[in-house]
Amino acid sequence: MEDHLPQIDKAALKKRLRGILPPVTMPFDANGALKADAIAEQIDWTIKAGASGVVAGGSTGEGHTLSTEEFVDAMRATAEAVDGRVPFVAGLIVNSTREAIERTKLISDLQVDALQVTPVHYLFQPGEDATVEHFRRIWEETGVPVIIYNVIPWNYLSVDLMLRIMEEVPGVIGMKQSSGDLKSVSDLVQRAHSDNIVLSGIDALLYSAFALGADGAISALTAALPGITSRLFTITEQGRHEEALEIHRKLNKVWNAMSHGNLPACVKYIQHQQGLPLFAPRAPMESVSDAQKKRIDEALDGLI
């Protein structure tokens, strides 16, 4: 089957999918309806802020709540808004190999640079061989390069397993590590093949991951503050560590002010404080409370 798959220039793709790739937040109205036509404004704002690319359908984007129809609508709206200006990564948070493949085929007409795919997130954990096969089948049946989104606490993939998947499945080009364990990021940077992509999703340790050599980040803070996080990545690469540490301290203050129970809602509020419309999270997630707004505003003071 691999004879029919597209050839991937991994080095070129790694260069393309490098830097800050913010996850798009989904614009829901007060009744929880998706307002896909509102995605374009957020995309324009994110790209103008300096982001290297965008991701739609991730956890900050409440991708786990999207029906198949909504998923297609959101991906189509994102692709049309991006219009080839930056790379576009489509996120899949699903519980079966079959659904991952079916959803990807539904957007096969779109310009998608890669898929961001979680291990299955329900209660049952497949073994290592089944996990490798999960990612292999997604690649072989869609032909779209895959980034592992390592985020599910009870199905968290070890460094060794992710390295195995990237070695055995040619279409798995990289991974995003979302654990607070910075050692795993360091191990991945050191042990991954030179053309594999290592991205961080650890908001409190973005500077640390960049200093260790991570290729970029996809995280809540990158969606909330794409310009500042893009600057952090750039100056860390340039070795301007004193400036980078100062930004890190300010970002960490914002991160500590955000509630993780309704993190996407907090991201939407921070975006709103920079001029975007304020959209609701999808129930049962709670909207940002007045107390949360106060803490976030205090942390943002002098930063935006």
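In which strand is the place of Y149? Select Y149 in this predicted model and you will find yourself in strand β5, which covers residues 146-150.

**First stop: Y149 and K176**

Keep Y149 selected and add K176, since these are the residues covered by the "active site" annotation in an unreviewed UniProt entry. Although the two are spread over 28 residues of sequence, they cluster in space, with a largest C-alpha distance of 5.0 Å. Both Y149 and K176 are included in the lining of the largest pocket.

Colouring by accessibility, you will see that Y149 is buried, because its relative accessible area of 3% falls under 20%. Now show what surrounds Y149: leaving aside its neighbours within four places in sequence, Y149 is in contact with S59, Q116, V117, T118, P119, K176 and S178.

Move next to K176 itself, which is found in strand β6, residues 172-177. With a relative accessibility of 4%, K176 also counts as buried. If residues up to four places away in sequence are not counted, K176 touches I147, I148, Y149 and N150, together with Q116, L199, S200, G201 and I218. Q116 is thus worth labelling, as it appears among the contacts of Y149 and among those of K176.

**Second stop: E62**

Select E62, whose place is in the loop between β2 (54-56) and α3 (68-82). E62 is buried, and its relative accessible area is 0%. Display the backbone of R282 as well, for the side chain of E62 reaches the backbone nitrogen of R282 at 2.9 Å. Beyond its neighbours within four places in sequence, E62 is in contact with M26 and F28, with P264 and K268, and with P281, R282 and M285.

**Third stop: the aromatic pairs**

How many aromatic pairs does the count come to? The count comes to 2. Begin with Y122 and F124, whose ring centres are 5.7 Å apart and whose planes meet at 65°, so the pair is edge-to-face. Y122 is exposed, as is F124.

Then select F210 and F233, which form an edge-to-face pair with 5.0 Å from centre to centre and 85° between the planes. Because F210 lies in helix α8 (residues 206-212) and F233 in helix α10 (residues 226-237), this pair ties together parts that are 23 residues apart in sequence. Are F210 and F233 buried or exposed? F210 is buried, and F233 is buried as well, whereas Y122 and F124 are exposed.

Notes: Residues are numbered from 1 along each chain as its sequence is written. This is a predicted model: local features need pLDDT of at least 70, side-chain atom pairs count only at pLDDT 80 or more; totals for chains, interfaces and linings use all residues. Side-chain values use heavy atoms; hydrogens and water are left out. Helices (H or I, at least four residues) and strands (E, at least two) are DSSP runs, numbered from the N terminus. Buried means under 20% relative accessible area, exposed over 50%, partly exposed in between (1.4 Å probe, protein chains only). A polar contact is a pair of N or O atoms within 3.5 Å; within protein, one must be able to donate a hydrogen and the other to accept it, and residues adjacent in sequence count only if both atoms are side-chain atoms. Contact means heavy atoms within 4.5 Å. UniProt positions are given in the numbering used here, feature names are shortened, and annotations may be inferred rather than shown by experiment. On a 1 Å grid over the protein atoms alone, a cavity is a set of points where a 1.4 Å probe fits but cannot get out, and a pocket is an open set with protein on both sides within 12 Å along at least five of seven lines; lining residues have an atom within 4 Å of a point. Rings of Phe, Tyr and Trp (its six-membered ring) pair if their centres lie within 6.5 Å; planes under 30 degrees apart count as stacked, over 60 as edge-to-face and the rest as tilted.
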